[in-house]
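Here are a few exercises to work through with the structure open beside you. Try each task before you read its solution.

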Amino acid sequence: MKNQLFHFHLGLVSLLLCILMLPAAVSAQDQEDPLRLVYVNTSGSEGQESYQAVRELLSGSDQIDLIRERNFLRSAREVGIDEEVLADWGRWPELVDNFAAAMWHSNVEGLLIHRVEDQGNQLYITVFGPRGWELTEVERSLDDGTLGEPAAVETLREAFSALVPEVRGFRREVSEGSISDEDFQIAKESDDSADVDQAESDELSPRDRALAGHRQRYGDMSRNIAIYAGALTGRRSMNMDQPDGSFSIYHRTGLMGFGARVDALITTIERDTAAFEASGVVGFSPFTTVFGERELSGRFMRFGAEGRYINARSANTRLRVIAGVETINVALEGNENYTGHGYLMGRIGGGVHHSVGRLLTVQADGLLLPVLLSSNSGGAYGTPEGLLGFGAEAAIHLNLFEPFLVGLFYNFSYIDQDYPDPDPSVITLPAESIDIFHQIMIGVGYRL
């Protein structure tokens with residue numbers, strides 16, 4: 001039964017390759033040639049079991065010409081690709097031409113590098129095309145170092161989906177004569193500057209080279225603290241009224257004060273492609289409001305704290321998942337109509353953080369604001385109901401002067417609440433309030 005399952009999965013691999021190569025049939029005479037592939041294990045005995053599971057599928061397929069690793073390395077060493085380079089993924093982005101030359105001179109169309117991490121529980125297969133580019137990286141969880149046949153087939157499906165179209169186009173260009181041996185000659189460095197560059201490269205440890213390559217692929221996820229402080233401006237608009245129009249309070253006021261925030265990347269996870277961040281914000285603004293003929297002084301205060309899970313999708317783009325809490329308090333000096341609102345809210349949401357080169361980064365988040373506690377004029381209008389608000393945030397960070405920072409931060413909050421059981425001595429019918437805040441902080445800061 002086990003052999004039958006193996007041959008079934010092997011047939012799936014061959015069928016997948018046939019389907020992917022089929023579109024070249026009308027134009028490429030060699031479209032039926034097997035895919036010339038080399039598969040290298042860089043994790044030694046730790047990765048041997050999962051490596052063998054995939055290799056059995058490859059070696060048993062009549063659509064794949066599996067080149068021996070030692071035969072590939074014999075030619076690859078002449079252009080600077082050896083076992084150490086294959087295991088040092090931080091150097092790969094710098095050696096695209098070398099990989100392309102190694103594959104061309106070995107008559108190889110695809111290179112799969114197999115590595116296992118996380119104490120043998122996580123598999124990564126990196127796929128290189130015939131031009132030396134890294135096309136994709138397939139990730140799989142292992143069970144005590146083992147990879148079942150269905151998982152192995154799915155792994156190859158993902159790898160081939162990226163590799164085969166690249167090979168198909170490469171074959172077409174070769175047959176048309178637009179690619180030749182001259183395109184894969186590695187020039188030898190002979191001037192003094194090249195010698196200096198090589199010496200500097202040799203001084204880097206394998207860890208430093210790996211770190212440089214990782215940052216090129218996923219950006220800098222090192223731990224840091226960014227502190228901002230600056231001017232706060234904005235507007236608060238609150239309407240509170242009854243359905244029959246017999247009672248209403250409108251509070252509109254501009255905000256002009258100061259704000260501060262701290263953003264800290266605490267730790268990284270998932271091979272430094274994800275991280276946990278923490279953030280804290282504070283804002284304060286005095287204001288003056290006129291009710292009737294009376295001028296009242298007041299203050300706006302906001303405090304917030306949140307944690308974020310950050311996932312790097314590329315060197316420039318990170319996705320954000322947010323959970324936190326904040327409080328907003330608007331207070332006026334004593335009067336008979338309205339003395340202010342207070343809210344304690346959760347912050348749940350997500351967004352995206354995108355870098356535009358090294359010059360600046362932009363950020364946009366959408367938020368749900370579940371209201372945990374609230375009050376209005378010290379409870380004069382009864383217990384408010386309405387458990388959900390909405391919010392949005394955006395920011396632009398200018399990084400030109402790192403570690404000195406300049407940031408523009410925008411925050412929007414919308415809170416809708418009902419007062420179904422007001423004090424009849426104050427108002428006789430249920431009421432509703434809608435509270436909207438716009439806040440903008442222009443801050444300067446420093447990254448530690």
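**Exercise 1: a residue at the surface**

Glu432 is partly exposed, with a relative accessible area of 31%. This is a predicted model, in which local features need pLDDT of at least 70 and side-chain atom pairs count only at pLDDT 80 or more, while totals for chains, interfaces and linings use all residues. Residues are numbered from 1 along each chain as its sequence is written, and side-chain values use heavy atoms, with hydrogens and water left out.

Task: place Glu432 in its strand and find the patch of charge to which Glu432 belongs.

Solution. Start with the exposure scale: buried means under 20% relative accessible area, exposed over 50%, and partly exposed in between (1.4 Å probe, protein chains only). Next, find strand β15, residues 431-447, which holds Glu432; strands are DSSP runs (E, at least two residues), numbered from the N terminus. Finally, look for Glu385, Asp418 and Asp421, which gather with Glu432 in a surface patch of negative charge. Patch members have over 30% relative accessible area and no salt bridge; like charges are joined within 9 Å, and nonpolar side chains (Val, Leu, Ile, Met, Phe, Trp, Tyr) within 5 Å. Asp and Glu count as negative, Lys and Arg as positive, and His and the chain ends are not counted. The place of a charge is NZ of Lys, CZ of Arg, CG of Asp or CD of Glu.

**Exercise 2: a pair inside**

Task: find the partner of Asp435 in a salt bridge, and say whether Asp435 is buried or exposed.

Solution. A salt bridge needs a side-chain nitrogen of Lys or Arg within 4 Å of a carboxyl oxygen of Asp or Glu. Arg236 is the partner, with the closest N and O atoms 2.7 Å apart. The pair links distant parts of the chain, as Asp435 lies in strand β15 and Arg236 in strand β6, 199 residues apart. Asp435 is buried at 0% relative accessible area, and Arg236 is buried at 1%.

**Exercise 3: from bridge to network**

Task: follow the salt bridge between Glu326 and Arg347 outward to its network.

Solution. Glu326 and Arg347 meet at 2.7 Å, N to O. This bridge joins strand β10 to strand β11 (residues 340-356), across 21 residues. Glu326 is buried at 2% relative accessible area, and Arg347 is buried at 3%. Salt bridges with shared partners then join Arg261, Asp263, Glu277, Arg302, Glu306, Arg308, Glu326, Arg347 and Glu393 into one network.

Key. Accessible areas come from the Shrake-Rupley method with a 1.4 Å probe; for residues, only the protein chains shown count as cover. Helices (H or I, at least four residues) and strands (E, at least two) are DSSP runs, numbered from the N terminus.
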